[in-house]
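Visitor: I am new to this structure and would like a close look at one part of it, the surroundings of the ligand. Please take me through that part slowly, and then through the elements that border it.

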Amino acid sequence: MNIIVTGGAGFIGCNFVYYELEKHPEDRIICLDKLTYAGNLKSLDEAMKSPSFRFVRGDICDRETVEKLFEEEHPDIVVNFAAESHVDRSVEDPGLFLRTNILGTQTLLDACRKYGIGRYHQVSTDEVYGDLPLDRPDLFFTEQTNIHTSSPYSASKAGADMLVLAYHRTFHVPVSITRCSNNYGPYHFPEKLIPLMITHALNDEKLPVYGNGENVRDWLYVEDHCAAIDLVMRRGREGEVYNVGGHNERTNLQVVKTVLKELNKPESLITFVKDRPGHDRRYAIDPSKIHSELGWLPATGFDEGMRRTVKWYLEHESWWKDILAGDYQDYYEHMYGNRGQA
Ligand code: NAD
Ligand code: TYD
């Protein structure tokens with residue numbers, strides 16, 4: 001099969017490229033990525049050596065580029081990871097999120113309609129369900145939970161999901177959607193919580209925790225997410241949504257303390273800073289549908305996943321140091337420079 005992976009130079013996308021090359025060596029993987037600040041060709045160094053892999057630099061919003069790729073590659077599956085993915089950036093520039101996440105999805109869906117496709121798979125997020133209260137540990141997101149978004153990021157992802165389902169109903173495009181909880185693991189861009197805390201702790205810099213650090217996220221090791229997407233895009237039912245998560249809820253403070261413990265660094269590095277506007281309180285996934293229909297279960301628990309992740313950052317210093325040495329510094333100064341203490 002020919003599989004187009006959009007956004008394959010980003011965090012989850014590149015992990016997925018490696019997962020597919022290893023698990024399905026008979027398939028050909030074509031990565032389409034614009035290489036925004038979040039895309040990193042270095043993350044695909046090993047994939048570039050494989051004859052089953054092709055990298056194309058291009059924008060999913062650019063119809064001509066997308067159509068040319070469909071004409072060249074006749075994809076059987078398109079899996080869309082390409083997105084603006086950071087909530088804090090969406091607060092700064094919502095328009096960019098609408099363009100990439102919604103109009104980019106539409107461009108891909110139009111190409112699927114025009115050229116035909118075996119499956120279009122949309123990589124979505126549990127953030128489309130909004131948040132859950134902190135004092136109701138009995139509540140979880142199911143596929144029936146109402147869409148109720150908080151940030152421009154989650155609103156753009158929800159818009160894209162609606163479009164995907166509309167193209168299925170109206171134009172019979174064979175689609176599927178996965179909505180996953182927070183991922184962590186290798187190649188995670190250091191603006192996100194876990195890699196930011198690892199890289200700061202390694203540099204003995206302050207660890208900025210938003211608000212009181214009691215917000216809860218449901219963490220999944222990235223390889224488990226890749227396995228779930230692989231199963232759904234090949235065997236999941238058309239037109240269906242599958243939630244993905246591994247019941248690994250932690251407060252942000254617990255996560256940060258785990259990082260410090262792994263690195264043997266003092267908790268005095270923690271500093272509480274001004275909260276994120278609209279900050280979602282708790283995410284928690286009920287993954288029973290993907291488990292009962294497709295047999296998916298996460299293979300890596302939180303402690304093991306965190307050990308592996310910290311080890312990866314220790315062993316790949318040049319990967320993240322190059323990022324920290326570039327434009328990212330300006331972003332950090334802009335977002336955190338005047339944030340002050342909580
Ligand atoms: P990321 O920001 O690390 O990577 C995004 C990739 O998309 C980058 O390589 C970037 O260059 C590329 N890209 C951006 N705009 C593009 C465009 N217009 N055309 C082509 N390529 C473009 O994101 P990630 O964390 O790997 O997330 C991947 C997907 O998974 C996103 O759709 C995100 O919403 C979803 N998701 C992420 C998480 C998480 O915890 N990171 C959880 C659930 C779902
Ligand atoms: P993040 O990694 O941005 O993912 P998301 O907002 O999509 O869940 O943030 C995870 C949690 O960590 C979220 O509750 C915000 C919090 N956070 C901090 O406390 N400090 C930080 O510097 C960052 C980036 C996030």
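Guide: A polar contact here is a pair of N or O atoms within 3.5 Å, and that cut-off is worth keeping in mind for the distances that follow. An oxygen atom of ligand 1 lies 3.5 Å from a polar backbone atom of Val 123, while a polar side-chain atom of Ser 85 is found 2.7 Å from an oxygen atom of the ligand. On the nitrogen side, a backbone N or O atom of Lys 34 is 3.0 Å from a nitrogen atom of ligand 1. Of the 840 Å² of accessible area that ligand 1 has on its own, the protein covers 97%. All of this is read from a predicted model, and the values are computed from it.

The shell itself can be described residue by residue and then by element. It consists of 28 residues surrounding ligand 1, and the closest of them are Ile 12, Asp 33, Ser 85, Tyr 153 and Lys 157. Sorted by character, the shell holds 12 nonpolar, 12 polar and 4 charged residues. The elements that contribute two or more residues to it are α1 (11–23), β5 (119–125) and α6 (152–171), and among the elements β5 gives the most, with 3 residues.

Let us take the two helices in turn, beginning with α1. This helix has 13 residues and reaches 19 Å from its first C-alpha to its last, close to the 18 Å expected at 1.5 Å a residue. Because 10 of its 13 residues are buried, α1 is largely enclosed by the rest of the structure. The buried residues of α1 are Phe 11, Ile 12, Gly 13, Cys 14, Asn 15, Phe 16, Val 17, Tyr 19, Glu 20 and Leu 21, and Ile 12 is also listed with the residues closest to ligand 1.

The other helix, α6, has 20 residues and reaches 27 Å between its first and last C-alpha, which is close to the 28 Å expected at 1.5 Å a residue. Its buried residues are Tyr 153, Ser 154, Ser 156, Lys 157, Ala 158, Ala 160, Asp 161, Val 164 and Tyr 167, and two of these, Tyr 153 and Lys 157, are listed with the residues closest to the ligand. The cover over the buried residues of α6 includes α4 (87–92), α5 (94–115), β5 and β6 (175–180). After α6 comes His 172, whose phi is positive, near 60 degrees.

From α6 the path leads on to β6, the strand in which Arg 179 is found. Arg 179 counts as buried because its relative accessibility is 3%, where buried means under 20%. The side chain of Arg 179 makes a polar contact of 2.8 Å with the side chain of Asp 161, one of the buried residues of α6, and another, of 3.0 Å, with the side chain of Tyr 129.

A second arginine can be followed in a similar way, starting from its place in a loop. Arg 276 sits in the loop between β13 (270–273) and α10 (288–294), and at 15% relative accessibility Arg 276 counts as buried. A polar contact of 2.6 Å joins its side chain to that of Asp 88. Leaving aside residues up to four places away in sequence, Arg 276 touches His 86, Val 87, Asp 88, Tyr 210, Arg 217 and Arg 339.

Definitions and conventions: Residues are numbered from 1 along each chain as its sequence is written. Chains are lettered from A and ligands numbered from 1 in the order in which they are written. This is a predicted model: local features need pLDDT of at least 70, side-chain atom pairs count only at pLDDT 80 or more; totals for chains, interfaces and linings use all residues. Side-chain values use heavy atoms; hydrogens and water are left out. A residue is near a molecule or strand if one of its heavy atoms lies within 4 Å of it. A polar contact is a pair of N or O atoms within 3.5 Å; within protein, one must be able to donate a hydrogen and the other to accept it, and residues adjacent in sequence count only if both atoms are side-chain atoms. Accessible areas come from the Shrake-Rupley method with a 1.4 Å probe; for residues, only the protein chains shown count as cover. Helices (H or I, at least four residues) and strands (E, at least two) are DSSP runs, numbered from the N terminus. Ala, Val, Leu, Ile, Met, Phe, Trp, Tyr, Cys and Pro count as nonpolar, Asp, Glu, Lys and Arg as charged, and the others, Gly among them, as polar. The expected span of a helix is 1.5 Å times one less than its number of residues. Buried means under 20% relative accessible area, exposed over 50%, partly exposed in between (1.4 Å probe, protein chains only). Contact means heavy atoms within 4.5 Å.
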